[in-house]
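Trainee: Could you take me through one part of this model up close? I'd like to see how a pair of helices meets, and then how the cysteines sit.

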Amino acid sequence: MGEPDENSFLFPIFVLAIMALFLVPYTIHRISQALSKKAKNICCQCSICLHSGKYRKSIFKRISNFSTCRNLTVILLWVFMAVLAYYVKNITREIQPFEPFEILGLKPGSTDSEIKKAYRKLSILYHPDKNPDPEAHKYFVEYISKAYQALTDPVSRENFEKYGHPDGRQGFQMGIALPQFLLSKDGTSSGVLLLGIVGICILLPLVLAVIYLSRSSKYTGNRVRHETLYAYYNSMKPSLAPSKVMEVFIKAAEYMELPVRRSDMESLEKLFTVVRTELGLDTKNMRQEQAKFWKRNPAAVKAELLILAQLTRESASVPLDLKSDFKHVIELAPHLLEELLKMAIVRRSPAGHGWLRPAIGVLELSQSIVQAVPLSARKAVGGFSEGNAPFLQLPHFSESVVKKISRKKLRSFQELKEMAPEERSVLLTDIGNLSGEETRDVEAVLDMMPSLKIDVNCVTEGEDGIQEGDVVTMHAWISLKRTNGLTAALPHCPYLPFHKDENYWFILADSASNDLWVSQRVSFMEEAAAIATASHAIEESKEGSGTNSEEIRLAVHEAVEKVKNGSRFVIGQFEAPAAGTYNLTAYCICDSWIGCDTKTSFKLKVTKQKHAVAKSGRMDEEELALEDGVEDEEEADEGDDDYESEYSDDGEDKTKKGHGKQQDSNTHSDSDSSSES
């Protein structure tokens, strides 16, 4: 073992090495994450968004974004490492090799007379009889005398020349890089060292693991508590109307545990008078309705009133003592709505389908919260089937402006989007009484709004048609276009107090039966991930069908070009239902914009499963003819039962009966995309 003092000096080096082992890779990871974030100008450029301060990068905001607990911890650890490195460099002693000529101040190869002469000079300075200093005595005994002996004594000199030390071969020394207080007097480990090893290597990781698991077990990957998922799952109903989604939404455990202080009641009553019109209370029995409302769970009442303040753009009316709660509630909303949507699309029916109606209601509530548009604005009014909600998300638009422009026979929001810029400018300035600057803000937002298109194809791998019980693979391409040419962009949402990415949901459903067959979230923000997903899916699909390598390469190249041009590939599978013709609708719904959704209707024909051939490989001709006749009758009945989806534009199919007149549309989309409110 090494000397205790020597071990103590090695301890800072040991700590420095251990810290660098973890801190350097983590710092590189954090820096690479920061550099990978693209600083694109993808936010809305209207004056309202710019003046909201949400996208303004002031020096104070940059400091607040940088000064997170994680970043500050990394900086403090680097400062500690720098201090430790300075200590190691300037305070710890360096172990020098034994050099007798250098100790005596001589050159190698000096004569014996020169060695004796140098020894006498140093003896006058450091001999105990000449210099009473203890340090001088120590230096004389350990260095000067030993150096003189190594150069004058034949045995010592031979040992020095052979082994580099006058005492001969030196044993291998090992030391423990620990401070002195952890070691005993003879340099061996003590009980304190054992306790330290057990505490640091066993107990500390165990305690940290228990704390992490106890916290993570309460939350999902989306930072939503498991109690919330349980409440959402049990409260979700297949016939849940969009207007009733709010009642389920506020049942989240995060909202039900909001602190309700005595001082909050007066502030909540003031807020109630501001948003009362959105509560849908019966005006004839207002007192009874209000009393019933206030008898509910106080936390639920508080959450609903704060959400309604966001929907009605009355955030400025929220009292100061509720501001922090308001921000907390709105920040949680996107995560909770995503989990609520998953509870709507989760497979529950015997056929393994989710529910379409509540899923659309959740997405509509998400749109309204992001755009700060009340749910009542979605009701049909003034000739607009989708209501005033799409118009109210535009800057400087109010209900009075919508009424004014509706007098010019404007039938829908889509018609306003498709107008020529010059014609639209005249409409907004002359009829809507908007100024030139306000009109430019409207144009900037319309340029940011996406236009979506869906192309759907359903096939059974390796077969020509679709039979009941088959695994059907659905391929869909979703194309996004904006007037300003961007693909990835942040939505116009000046009343939302934080950044919000656009998310789109692809849904394949049977609207007549409310069955949701396939659902998937689609993002246009990350192009690299979309390219990898599309390439892998296309390659697997082509390889499964036996396509040669050259065709696979061309198909993958075509898919990559589509993704770069603003398209995203969606793939899903479902089990073919019983034989029949199904009118399906493919939706693409955004969780941020109102009035930008699209849908495409098509028919899916499923035939009966072919009967297996007998073991002998033969079938009696009479049985074959009889079976063919039965199949013809069944297919004729299928033609009689054919119905047309309310979203389809092909009305002639309703009058067609019989198998011979039906169109083979296993993979055919027979109607164009249309806007959805």
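Mentor: Here is the helix pair, with the cysteines after it. Keep in mind that this is a predicted model, where local features need pLDDT of at least 70, side-chain atom pairs count only at pLDDT 80 or more, and totals for chains, interfaces and linings use all residues. Residues are numbered from 1 along each chain as its sequence is written, and side-chain values use heavy atoms, with hydrogens and water left out.

The protein has 25 helices and nine strands, taken as DSSP runs numbered from the N terminus (helices are H or I, at least four residues; strands are E, at least two). Look at α15, residues 298-311, and α16, residues 323-345: they pack at about 80°, with axes 10 Å apart. Axes here are lines fitted to C-alpha atoms over the stretch in contact, and angles run from 0 to 180 degrees between N-to-C directions. That makes α15 roughly perpendicular to α16 (65 to 115 degrees counts as such). On the α15 side, K302, A303, L306, I307, A309 and Q310 make the contact, meeting D325, F326, V329 and I330 of α16; contact means heavy atoms within 4.5 Å. By class, that's seven nonpolar, one polar and two charged residues.

Now the cysteines. There are zero disulfides in the structure, a disulfide being a pair of cysteine sulfur atoms within 2.5 Å. For C44, the nearest cysteine sulfur is that of C46, 3.5 Å away. The sulfur of C49 also has C46 as its closest cysteine partner, at 3.6 Å, too far for a bond. C44 is buried at 0% relative accessible area, and C49 is buried at 0% as well; buried means under 20%, with a 1.4 Å probe and protein chains only.

Technical notes. Parallel < 35°, antiparallel > 145°, perpendicular 65-115°, else oblique. Nonpolar A, V, L, I, M, F, W, Y, C, P; charged D, E, K, R; others polar. Buried < 20%, exposed > 50% of the residue type's maximum accessible area, 1.4 Å probe, protein only.
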